[in-house]
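Trainee: I should like to work through this structure with you, one question at a time.

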Amino acid sequence: MKISEYEKEQKMIEQKIWALPKIEKGLALDIGVGDKGLSTRKLIELGAKVVAVDFDLNNLIKQKNLDKLVQCNAPHLPFKNSVFDLSVAFFTLHEINPRLHLNVVSEMARVSKKVMIVEPMPGQEPVNKRYDDVWSKAMHSIGKFEDHQEIMYWKKLMEKCSLGIVVCEKFREKNRIPPQKVDESIEGIVTLMNSYGVSKKYIEEIKGLGKDMRNKGMRRSSIGVVIGEH
Ligand SMILES: C[S@@+](CC[C@H](N)C(=O)[O-])C[C@H]1O[C@@H](n2cnc3c(N)ncnc32)[C@H](O)[C@@H]1O
């Protein structure tokens, strides 16, 4: 399978996801800017004014062309009620302690009219499951989180926060990850694990899994999108 085909499918799914919240103008809040700020830049491209938050100062400092950046912890958002048209958590919540998920969603619902959660779902194939398991154990070992949840988990949290569900959709790629992309991804994860000081045991497990991902083939986990509004 050609890399171009794989990338084309990824792009198509990304476009479908970002079409769901029907962003026109308005003020959006992006929870977890990350190191690349992909979701923030996408929201801006779609016409929103965006405030991006993260609790990791290093990630905020990396954002060269973004100006509305706030350092804060997602379960305690320093904003007034209903000031945003939309708040988004794009691949952020699985990095937050699940005990705090309800607080985060409740804060998102408090400060905005509409809430969008985009999250990777638990792996379905054996290789995905092993990959999720090692990654999650490695993060837990250093006090971080990497806990993927089923889409209904996010939908129920939104309902608990009195949001009416307007979108609840899963996206699954058909194409398997091309070997070159597997290598790039494993290399990136190993670098990240080393920078976090993760035990060599997990790093070796991930490298071993990389071989299986390349030889047996692996599809990315499905992506779950839930949107709720007041
Ligand atoms: C995978 S990244 C998000 C990716 C980003 N949305 C993008 O599209 O490029 C997750 C981010 O969430 C941040 N984060 C984790 N826990 C947080 C919390 N409790 N409050 C605020 N940000 C948090 C992390 O520091 C990290 O930058």
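The exchange below concerns a predicted model and takes up the ligand shell, the strands, two helices and some single residues.

Trainee: Of the residues around the ligand, which come nearest?
Mentor: The shell around the ligand divides into 7 nonpolar, 7 polar and 4 charged residues. Helix H2 (38-45) and strand E2 (49-54) each supply at least two residues of this shell. Of the 18 residues around the ligand, those that come nearest are Gly-32, Gly-34, Leu-38, Ser-39 and Ala-74.

Trainee: Which residue of E2 stands opposite Leu-29?
Mentor: Strand E1 covers residues 27-31, and 4 of its 5 residues are buried. E1 pairs with E2 in the parallel sense, over 5 bridges. In this pairing, the residue of E2 opposite Leu-29 is Val-51.

Trainee: How many residues of strand E7 are buried?
Mentor: Strand E5 (residues 112-120) is joined to E7 by 7 bridges, and the two run antiparallel. Strand E6 (residues 164-171) also pairs with E7 in the antiparallel sense, over 7 bridges. Strand E7, residues 223-229, is mostly covered, and the number of its 7 residues that are buried is 6.

Trainee: What is the bridge partner of Val-115 in E7?
Mentor: Two pairings of E7 can be followed at the level of residues. On E6, Lys-170 stands opposite Gly-224 of E7. For Val-115, the bridge partner in E7 is Gly-228.

Trainee: Is Glu-119 buried or exposed?
Mentor: Glu-119 has its place in strand E5. Leaving aside neighbours within four places in sequence, its contacts are Phe-91, Leu-93, His-94, Gln-149, Trp-154 and Gly-224. A residue is buried if 20 or more other C-beta atoms lie within 10 Å of its own. Because 23 other C-beta atoms lie within 10 Å of Glu-119, this residue counts as buried.

Trainee: What separates the C-alpha atoms of Glu-119 and His-148?
Mentor: Glu-119 and His-148 are 29 residues apart along the chain. Glu-119 is also in contact with Gln-149. The separation of the C-alpha atoms of Glu-119 and His-148 is 7.5 Å.

Trainee: Why do the buried residues of H8 line one face of the helix?
Mentor: The buried residues of H8 are Ile-206, Leu-209, Gly-210 and Met-213. Seen down the axis of H8, they fall within a limited arc, so they line one face of the helix. On the other side of H8, Lys-200, Lys-201, Glu-204, Lys-211, Asn-215 and Lys-216 are exposed. The arc that accounts for the buried face is 120°.

Trainee: What span should the 17 residues of helix H8 have at 1.5 Å a residue?
Mentor: Helix H8 comprises residues 200-216, and its end C-alpha atoms are 24 Å apart. Gly-217, which follows H8, has a positive phi, near 85°. The span expected of H8 agrees with the distance between its ends, namely 24 Å.

Trainee: What arc do the buried residues of H7 cover around the axis?
Mentor: H7 has 18 residues and reaches 26 Å from its first C-alpha to its last, close to the expected 26 Å. Its buried residues are Val-182, Ile-189 and Met-193. They are on the same side of H7 because the arc they cover is only 35°.

Trainee: Which helices are included in what covers the buried residues of H7?
Mentor: On the other side of H7 from the buried residues, Gln-180, Glu-184, Glu-187, Gly-188, Thr-191, Asn-194 and Ser-195 are exposed. What covers the buried residues of H8 includes helix H5 (126-141) and helix H7 (179-196). For the buried residues of H7, the cover includes H5 and H8.

Trainee: What is the phi of Phe-91?
Mentor: Most residues other than glycine have a negative phi. Phe-91 is found in the loop between strand E4 (84-90) and helix H4 (101-111). Phe-91 is partly exposed, with 15 other C-beta atoms within 10 Å. Although it is not a glycine, Phe-91 has a positive phi of about 55°.

Trainee: Is Ser-162 buried or exposed?
Mentor: Ser-162 is found in the loop between helix H6 (151-160) and E6. Its phi is positive, near 60°, in a residue other than glycine. A residue is exposed if 12 or fewer other C-beta atoms lie within 10 Å of its own. Because Ser-162 has 10 C-beta neighbours inside 10 Å, it counts as exposed.

Technical notes. Residues are numbered from 1 along each chain as its sequence is written. This is a predicted model: local features need pLDDT of at least 70, side-chain atom pairs count only at pLDDT 80 or more; totals for chains, interfaces and linings use all residues. A residue is near a molecule or strand if its C-beta atom, placed from the backbone, lies within 6 Å of it. Helices (H or I, at least four residues) and strands (E, at least two) are DSSP runs, numbered from the N terminus. Ala, Val, Leu, Ile, Met, Phe, Trp, Tyr, Cys and Pro count as nonpolar, Asp, Glu, Lys and Arg as charged, and the others, Gly among them, as polar. Two strands pair if DSSP finds at least two bridges between them. The expected span of a helix is 1.5 Å times one less than its number of residues. The arc is that of the directions from the helix axis to the C-beta atoms. Two residues are in contact if their C-beta atoms, placed from the backbone, lie within 7 Å.
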